[in-house]
Amino acid sequence: MDNENEFEILPADELRLKYGLYAEDSPKITLDRSRIPNSLAPLIPYAEVWGISDDLMRADFAEKAGPDALDELQAAIQPFEDALDEWLAGPEASSPDPSPEYIAFSCMRMAADGI
């Protein structure tokens with residue numbers, strides 16, 4: 001696209017094919033423990049797996065992971081809902097440049113909420 005103000009609107013399957021937006025193509029996520037609230041440390045392994053920032057890649061990953069994996073994610077997150085709310089709705093929520101850790105935890109939560 002020549003104009004940066006233009007958007008390309010295609011069905012999800014066409015976007016996946018055109019841009020390679022598949023789970024297998026998602027980048028490896030490695031988070032810095034020091035940038036995550038202590039209360040959420042047990043969720044780091046889940047955020048490193050499920051914290052895929054691209055919606056189409058994350059949806060593809062969830063579909064391929066299957067219902068048991070999604071149930072496990074939701075069960076893992078459930079006890080931490082209040083701590084997640086506190087961090088994800090805190091000051092970093094309005095940051096123009098949120099940390100990779102904040103983004104990964106937000107995306108992990110979106111994956112769990114998409115169940």
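User: Why is Lys64 called partly exposed?

Analyst: The model is predicted. In it, Lys64 has a relative accessible area of 46%. Buried needs under 20% and exposed needs over 50%, so at 46% Lys64 falls in between and is partly exposed.

User: Where is Lys64 found, and what separates its C-alpha atom from that of Ala23?

Analyst: Lys64 is found in helix H3. Its C-alpha atom and that of Ala23 are separated by 8.1 Å, with the two residues 41 apart along the chain.

User: Which residues of helix H3 are buried?

Analyst: Helix H3 covers residues 55–65, and its buried residues are Leu56, Met57, Arg58, Asp60 and Ala62.

User: What makes Asp54 a cap of H3?

Analyst: A side-chain oxygen of Asp54 lies 2.9 Å from the backbone nitrogen of Leu56, at the N-terminal end of H3. The limit for a polar contact is 3.5 Å, so a distance of 2.9 Å is within it.

User: What phi does Gly66 take, just after H3?

Analyst: Gly66 takes a positive phi of about 90°.

User: How many aromatic pairs does the structure hold?

Analyst: The structure holds three aromatic pairs. One of them is formed by Trp87 and Tyr102, with 5.7 Å centre to centre and 90° between the planes.

User: Why is the pair of Trp87 and Tyr102 called edge-to-face?

Analyst: Centres within 6.5 Å make a pair, and planes over 60 degrees apart make it edge-to-face. The values for Trp87 and Tyr102 are 5.7 Å and 90°, so both conditions are met. The pair links distant parts of the chain: Trp87 is in helix H5 (residues 81–88) and Tyr102 in helix H6 (residues 100–113), 15 residues apart.

User: How do you know that Trp87 and Tyr102 are buried?

Analyst: Buried means under 20% relative accessible area. Trp87 has 12% and Tyr102 has 8%, so each counts as buried.

User: What makes the rings of Trp87 and Phe105 an edge-to-face pair?

Analyst: Their centres are 5.2 Å apart, within the 6.5 Å limit, and their planes are at 70°, over 60, so the pair is edge-to-face. This pair too links distant parts of the chain, with Trp87 in helix H5 and Phe105 in helix H6, 18 residues apart.

User: Is Phe105 buried or exposed?

Analyst: Its relative accessible area is 0%, which is under 20%, so Phe105 is buried.

User: Which residues do the ring pairs link into a cluster?

Analyst: Trp87, Tyr102 and Phe105 are linked into a cluster by ring pairs.

Methods:
Residues are numbered from 1 along each chain as its sequence is written. This is a predicted model: local features need pLDDT of at least 70, side-chain atom pairs count only at pLDDT 80 or more; totals for chains, interfaces and linings use all residues. Side-chain values use heavy atoms; hydrogens and water are left out. Rings of Phe, Tyr and Trp (its six-membered ring) pair if their centres lie within 6.5 Å; planes under 30 degrees apart count as stacked, over 60 as edge-to-face and the rest as tilted. Helices (H or I, at least four residues) and strands (E, at least two) are DSSP runs, numbered from the N terminus. Buried means under 20% relative accessible area, exposed over 50%, partly exposed in between (1.4 Å probe, protein chains only). A polar contact is a pair of N or O atoms within 3.5 Å; within protein, one must be able to donate a hydrogen and the other to accept it, and residues adjacent in sequence count only if both atoms are side-chain atoms.
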